[in-house]
Amino acid sequence: MKIGIIGLPQTGKTTLFEALTRGTVQTSQAKTNVAIVGVADPDLDELSAVFKPKKTTPATVEFADVPGIPSGPENAARRNELLKDVRNVDALVEVFDAFTEPPSAEDITSQIESFELDLALIDLEIVERRLERLAKEKMNTQLEHEKDLLTRAQVCLSAGKALRTLGLDPDDKRALASYAFITIKPVMYTANIVMSDEAAALQLEHALSALAAPDTSVMVLDAKLEREIAQLPVDEQAAFLQEFGLSGSAIDTFIVRAYQLLRLQTFYTAGEDECKAWVIELGTRARDAAGKIHSDIARGFIAAEVISLDDFRKAGHSFKTAKDTGLLRIEGENYIVKNKEIAHFRFNVSR
């Protein structure tokens, strides 16, 4: 999973990046900061405590923190240059300033609309150039379909709307994938506040939820505070949170929201050699999940042994007990792997 962090200058993007990376990466204001971060996962920690494996491997997220993107038509070229580093990410986090003035949903909404308009103009330029070229080409069925999609995109972008609002189906998104449009990507709008009242922050987040649309999410957090929490020793974080009257760090919620935004889930493989978390899309078949581990496993797939984490706990963390009590199931290649399941795959590469 790759996530790009973007926004106007001085909105706290790099501060959020430093919180997400726990201050382990040296950052720059002049170039894109990139880091791969292991996802905190208590369930994986539980499996590791049971099996005591040689290696424990969490799921990872790659973050790209882009320098501040200037607004206004006169800065279009600079925006294009900066955004090239996030054209191939899976999702965007757009960070907005809600800390220099008392935050209001109206002000943040206005910031979002203005910023998205600048992004829409960048995508519009790409669309219009391609439509000009298509007008000179001999049409066939595929090009006619492309032209129809781009004409719809042109109308949408000309109105200052993001392409994600078009409600394109998966096939249409694949047809447009080569353009790497910015506004077609799922986005998490993130209001960076000064945390003084957790209840007020949640109220603001609820007010902003009116922005909710397909492929969007909303998050309110204090990036500076989250960075301070992330850089503390683990055994000191609880006391720090209590001092500020907070129920927990927003970073864990941030990652969960990112998973939900991208329709992702986790399954595990567990044993004495390694306990590992694997990330797959919702609705992934067992054979395709096996392919995440190795293409040979998918190619020679025979069956999947699966058990939910809750059932594994009921079996006393014992695969033998789980098998004897019918909690460990054998599933075929078209089985849809569920979130938080442990899965082991039987395969034969000679098949």
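**Briefing: sheets, helices and aromatic pairs**

Cys156 is buried, its relative accessible area being 8%. The model is a predicted one. Cys275 is also buried, with a relative accessibility of 0%. The structure has 0 disulfides. The points below cover two open sheets, the helices that pack on them, one residue of helix 5 and the aromatic rings.

**Sheet with strand order 2-4-1-5-6-7**

- This open sheet has 6 strands in the order 2-4-1-5-6-7, and its pairing is mixed.
- Strand 2 (33-38) and strand 7 each have a single partner strand, so one side of each has no neighbour in the sheet.
- On average, neighbouring strands here are turned by 25° against each other, direction ignored.
- Strand 1 (residues 2-7) and strand 5 (residues 91-98) run parallel and are joined by 5 bridges.
- Opposite Ile6 stands Glu94, a residue of strand 5.
- Helix 7 packs on this sheet, where it touches strand 6 and strand 7. The direction of helix 7 makes about 160° with that of strand 7.

**Helix 7**

- Helix 7 spans residues 198-208, and its buried residues are Ala201, Leu204, Glu205 and Leu208.
- Viewed down the helix axis, these buried residues fall within an arc of 100°, so they line one face of helix 7.
- The face turned away from the buried side of helix 7 carries the exposed residues Ala199, Leu202, Gln203 and His206.
- The cover over the buried residues of helix 7 includes two helices, helix 4 (105-134) and helix 10 (250-261). It also includes strand 6 (187-193) and strand 7 (216-221).

**Sheet with strand order 3-9-8-12-10-11**

- Another open sheet of 6 strands follows the order 3-9-8-12-10-11, with mixed pairing.
- Its edge strands are strand 3 (55-57) and strand 11 (329-331), each of which pairs on one side only.
- The average turn between neighbouring strands of this sheet is 35°, direction ignored.
- Strand 10 (residues 301-308) pairs with strand 11 in the antiparallel sense, over 3 bridges.
- Glu305 has Ile330 of strand 11 opposite to it.
- Helix 2 packs on this sheet and touches strand 3, strand 8 (264-269), strand 9 (274-281) and strand 12 (341-347). The direction of helix 2 makes about 150° with that of strand 9.

**Aromatic rings**

- The whole structure holds 9 aromatic pairs.
- In one of them, Phe51 and Phe312 have ring centres 6.0 Å apart and ring planes at 5°, so this pair is stacked. Planes under 30 degrees apart count as stacked.
- The pair links distant parts of the chain, with Phe51 in helix 2 (residues 42-51) and Phe312 in helix 13 (residues 309-314). The two residues are 261 residues apart.
- Both Phe51 and Phe312 are buried.
- One aromatic cluster is formed by Phe267, Trp278, Phe301 and Phe345.

**Leu149 in helix 5**

- Leu149 lies in helix 5, which covers residues 141-158.
- The relative accessible area of Leu149 is 2%, so Leu149 is buried, the limit for buried being under 20%.
- With neighbours within four places in sequence left aside, Leu149 is in contact with Leu168, Asp172, Ala175 and Leu176.
- Leu149 and Leu176 are 27 residues apart along the chain, and their C-alpha atoms are separated by 8.1 Å.

Notes. Residues numbered from 1 in each chain as written. Predicted model: local features only at pLDDT ≥ 70, side-chain atom pairs only at ≥ 80, totals over all residues. Heavy atoms only, no water. Buried < 20%, exposed > 50% of the residue type's maximum accessible area, 1.4 Å probe, protein only. Helix = DSSP H or I, 4+ residues; strand = E, 2+ residues; numbered from the N terminus. Arc of directions from axis to C-beta. Contact = heavy atoms within 4.5 Å. Disulfide = S-S within 2.5 Å. Phe/Tyr/Trp six-rings, centres within 6.5 Å; stacked < 30°, edge-to-face > 60°. Pairing = 2+ DSSP bridges. Axes fitted to C-alpha atoms, helices over the stretch in contact; angles between N-to-C directions.
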